[in-house]
Amino acid sequence: MKLLVVCLGNICRSPMGEGALRARVAEAGLAGRVQVDSAGTSGHWHAGNPPDRRAVVCAKRHGVDIAKLRARQLVAEDFLYYDHIFCADRNNLAEALKLAPAEAHDRVALWLPWAGIERAAVVSDPYYGENSDFEHSWALVDAAARNTVQRLFPQRDSGIIPA
């Protein structure tokens with residue numbers, strides 16, 4: 001399975017989402033079965049750059065290293081390669097759907113609603129905010145990552161009846 005997380009510049013939300021998703025995939029013992037990446041709808045601004053230092057610090061506080069990730073722009077080929085493309089907000093979703101061929105539209109979604117996160121519809125961009133805004137974004141992408149793993153790879157019932 002191949003998963004892609006998308007935001008605007010691929011330096012804040014989507015690398016944090018990629019890091020959170022990689023961590024949750026690894027915790028579930030699925031690291032060899034799931035590929036995770038991130039991209040930006042306007043990634044050309046930051047292409048080749050590492051994530052925003054505040055995003056790196058935030059992820060690190062939660063035990064996830066995203067320092068070696070590099071920004072890239074979402075490209076048409078991504079829609080043929082990835083099984084699921086998760087967008088951080090409605091603008092990113094609209095831009096992704098403009099680029100996606102019609103047959104790939106069902107693989108592109110607003111991440112939080114898709115993952116069943118009811119407390120927010122979008123991951124707001126923390127770029128112009130404070131550290132607390134990065135923490136808020138982390139909480140959302142991490143919850144979405146956990147729910148994504150549960151939704152895509154549900155645990156099989158062990159057959160043991162609980163006491």
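## Asparagine 10

In this predicted model, asparagine 10 counts as buried because its relative accessibility is 3%, and buried means under 20%. The residue sits in the loop between strand S1 (2-7) and H1. Its phi is positive, at about 60 degrees, although asparagine 10 is not a glycine. Most residues other than glycine have a negative phi.

Asparagine 10 is also one of the residues that arginine 70 touches.

## Arginine 70

Arginine 70 belongs to the loop between helix H2 (53-61) and helix H3 (78-81). With a relative accessible area of 45%, this arginine is partly exposed. Its side chain comes to 2.9 Å from the backbone oxygen of alanine 67.

Not counting residues up to four places away in sequence, arginine 70 touches Asn10, Gly48, Asn49, Pro50 and Pro51. Arginine 70 can also be placed relative to proline 15: the two are 55 residues apart in sequence, while their C-alpha atoms are 8.4 Å apart in space.

## Serine 14

Serine 14 lies in helix H1 (residues 13-27). This serine counts as buried, because its relative accessibility is 0%. A polar atom of its side chain lies 3.4 Å from the backbone oxygen of alanine 39.

Ala39 is also among the contacts of serine 14 when neighbours within four places in sequence are left aside. The others are Val5, Val6, Cys7 and Ser38. Of these, Val5, Val6 and Cys7 fall within the range of strand S1 (2-7).

## The chain as a whole

The chain contains 6 helices and 4 strands. Read from the N terminus, its elements follow the order β-α-β-α-α-β-α-β-α-α. Among contacts with a separation of 6 or more, 71% join residues that are 24 or more positions apart.

The radius of gyration of the chain is 15 Å, which agrees with a compact globule, because a globule of 163 residues would have a value near 15 Å. Taken along the principal axes, the box filled by the C-alpha atoms is roughly 55 × 40 × 30 Å.

## Surface and charge

Of the 163 residues in the chain, 49% are buried; serine 14 and asparagine 10 are among them. The accessible surface comes to about 8,500 Å², and carbon and sulfur atoms hold 51% of that surface.

The chain carries 19 positive and 19 negative charges. The mean positions of these two sets lie 4 Å apart.

Methods: Residues are numbered from 1 along each chain as its sequence is written. This is a predicted model: local features need pLDDT of at least 70, side-chain atom pairs count only at pLDDT 80 or more; totals for chains, interfaces and linings use all residues. Side-chain values use heavy atoms; hydrogens and water are left out. Helices (H or I, at least four residues) and strands (E, at least two) are DSSP runs, numbered from the N terminus. The radius of gyration is taken over C-alpha atoms; the globule rule is 2.2 Å times the number of residues to the power 0.38. Buried means under 20% relative accessible area, exposed over 50%, partly exposed in between (1.4 Å probe, protein chains only). Contact means heavy atoms within 4.5 Å. Accessible areas come from the Shrake-Rupley method with a 1.4 Å probe; for residues, only the protein chains shown count as cover. Lys and Arg count as positive and Asp and Glu as negative; His and the chain ends are not counted. The place of a charge is taken as NZ of Lys, CZ of Arg, CG of Asp or CD of Glu. A polar contact is a pair of N or O atoms within 3.5 Å; within protein, one must be able to donate a hydrogen and the other to accept it, and residues adjacent in sequence count only if both atoms are side-chain atoms.
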